[in-house]
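Colleague: I am new to this model and would like a close look at one part of it. Please start from a single side-chain contact and work outwards to whatever surrounds it.

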Amino acid sequence: MKKALEIASFKLKDSVAVEDFLKASVEMEKHFASKQRGFIKRTLAKGKGNEWIDVVYWETMDDATQAMESAMKSPACAPMFGMIDEASIKMSHFEIQNL
């Protein structure tokens, strides 16, 4: 079975301080993402201006899908998600071909 890659691109809300977002991101990974079945690793990156990507590696596509569904209901994810401009979110899932 092929591993999965989840990529979310987004912008932060104008009122959000980067430092606050980074703290919320660490907490979300510690208390939610890292505890999900199939979690391998996560990388958060900032581009020019207010552009961000969040890349998560999963053991399977089913793991990625289940985690995404659970995240939407998780109190551990709410602080981080609340700092993101919802209209800017683009979420994609891919099967990794070279691992």
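Modeller: The starting point is Lys-41, which lies over the face of Tyr-57, at 4.9 Å from the ring centre. Keep in mind throughout that this is a predicted model.

Tyr-57 leads into the strands. In β3, Tyr-57 is the bridge partner of Leu-5. The strands β1 and β3 pair over 8 bridges, in the antiparallel sense. On the other side of the hairpin, β2 and β3 are joined by 7 bridges and also run antiparallel. One of the links between β2 and β3 is Lys-46, whose bridge partner in β3 is Trp-52. The hairpin of β2 and β3 has 4 residues between its strands, and there Gly-49 takes a positive phi near 65°.

These strands belong to an open sheet of 4 strands, in the order β2-β3-β1-β4 and with antiparallel pairing. β2 and β4 each have a single partner strand and stand at the edges, so one side of each has no neighbour in the sheet. From one strand to the next, the twist averages 15°. At the β4 end of the order, 6 bridges join β1 to β4, and this pair runs antiparallel. Two positions can be followed there: Glu-6 stands opposite His-93 in β4, and Ser-9 stands opposite Lys-90 in β4. As a general point, strands of a sheet pair through backbone hydrogen bonds, either parallel or antiparallel.

Next come the helices. Helix α1 lies across β1, β2 and β3, and runs at about 175° to β2. Helix α2 (residues 61–71) also packs on the sheet; α2 touches β1, β3 and β4, and its direction makes about 160° with that of β4.

Which residues have the most contacts inside the largest nonpolar core? They are Phe-10, Leu-12, Phe-21 and Trp-58, in a core of 21 residues. The elements that give two or more residues to this core are β1, α1, β3 and α2. Phe-21 is a good place to see how such contacts are spread out. Leaving aside its neighbours within four places in sequence, Phe-21 is in contact with Phe-10, Leu-12, Val-16, Leu-44, Trp-52, Met-80, Met-83 and Ile-84.

The rings deserve a separate look. The count comes to 3 aromatic pairs. One of them is Phe-10 with Phe-21, an edge-to-face pair with 5.8 Å centre to centre and 65° between the planes. This pair links distant parts of the chain, since Phe-10 is in strand β1 (residues 4–11) and Phe-21 is in helix α1 (residues 18–31), 11 residues apart. Phe-10 and Phe-21 are both buried. Another pair is Phe-39 with Trp-58, again edge-to-face. Their centres are 5.7 Å apart, with 75° between the planes. This pair, too, links distant parts of the chain: Phe-39 in strand β2 (residues 39–46) and Trp-58 in strand β3 (residues 51–58), 19 residues apart. Phe-39 and Trp-58 are buried. Trp-52, met above as the bridge partner of Lys-46, joins Phe-10 and Phe-21 in one aromatic cluster.

Trp-58 also has a polar neighbour. Asp-63, in helix α2, touches Arg-37, Gly-38 and Trp-58, not counting residues up to four places away in sequence. Is Asp-63 buried or exposed? Asp-63 counts as buried because its relative accessibility is 7%, under the 20% limit used for that word.

Asn-98 makes a contrast with Asp-63. Asn-98 lies in the segment after β4 (90–95). Asn-98 counts as exposed because its relative accessible area is 67%, over the limit of 50%. Its C-alpha atom and that of Lys-3 are separated by 9.5 Å, although the two residues are 95 residues apart along the chain.

To go back to the start: Lys-41 sits over the ring of Tyr-57, Tyr-57 is bridged to Leu-5, and β3 stands between β2 and β1 in the strand order. Both α1 and α2 touch or lie across β3.

Key. Residues are numbered from 1 along each chain as its sequence is written. This is a predicted model: local features need pLDDT of at least 70, side-chain atom pairs count only at pLDDT 80 or more; totals for chains, interfaces and linings use all residues. Side-chain values use heavy atoms; hydrogens and water are left out. Rings of Phe, Tyr and Trp (its six-membered ring) pair if their centres lie within 6.5 Å; planes under 30 degrees apart count as stacked, over 60 as edge-to-face and the rest as tilted. Buried means under 20% relative accessible area, exposed over 50%, partly exposed in between (1.4 Å probe, protein chains only). A charge sits over a ring if NZ of Lys or CZ of Arg is within 6 Å of the ring centre and within 35 degrees of the ring normal. Two strands pair if DSSP finds at least two bridges between them. Axes are lines fitted to C-alpha atoms, for helices over the stretch in contact, and angles run from 0 to 180 degrees between N-to-C directions. Contact means heavy atoms within 4.5 Å. A nonpolar core is a set of buried Ala, Val, Leu, Ile, Met, Phe, Trp, Tyr and Cys residues joined through side-chain atoms within 4.5 Å.
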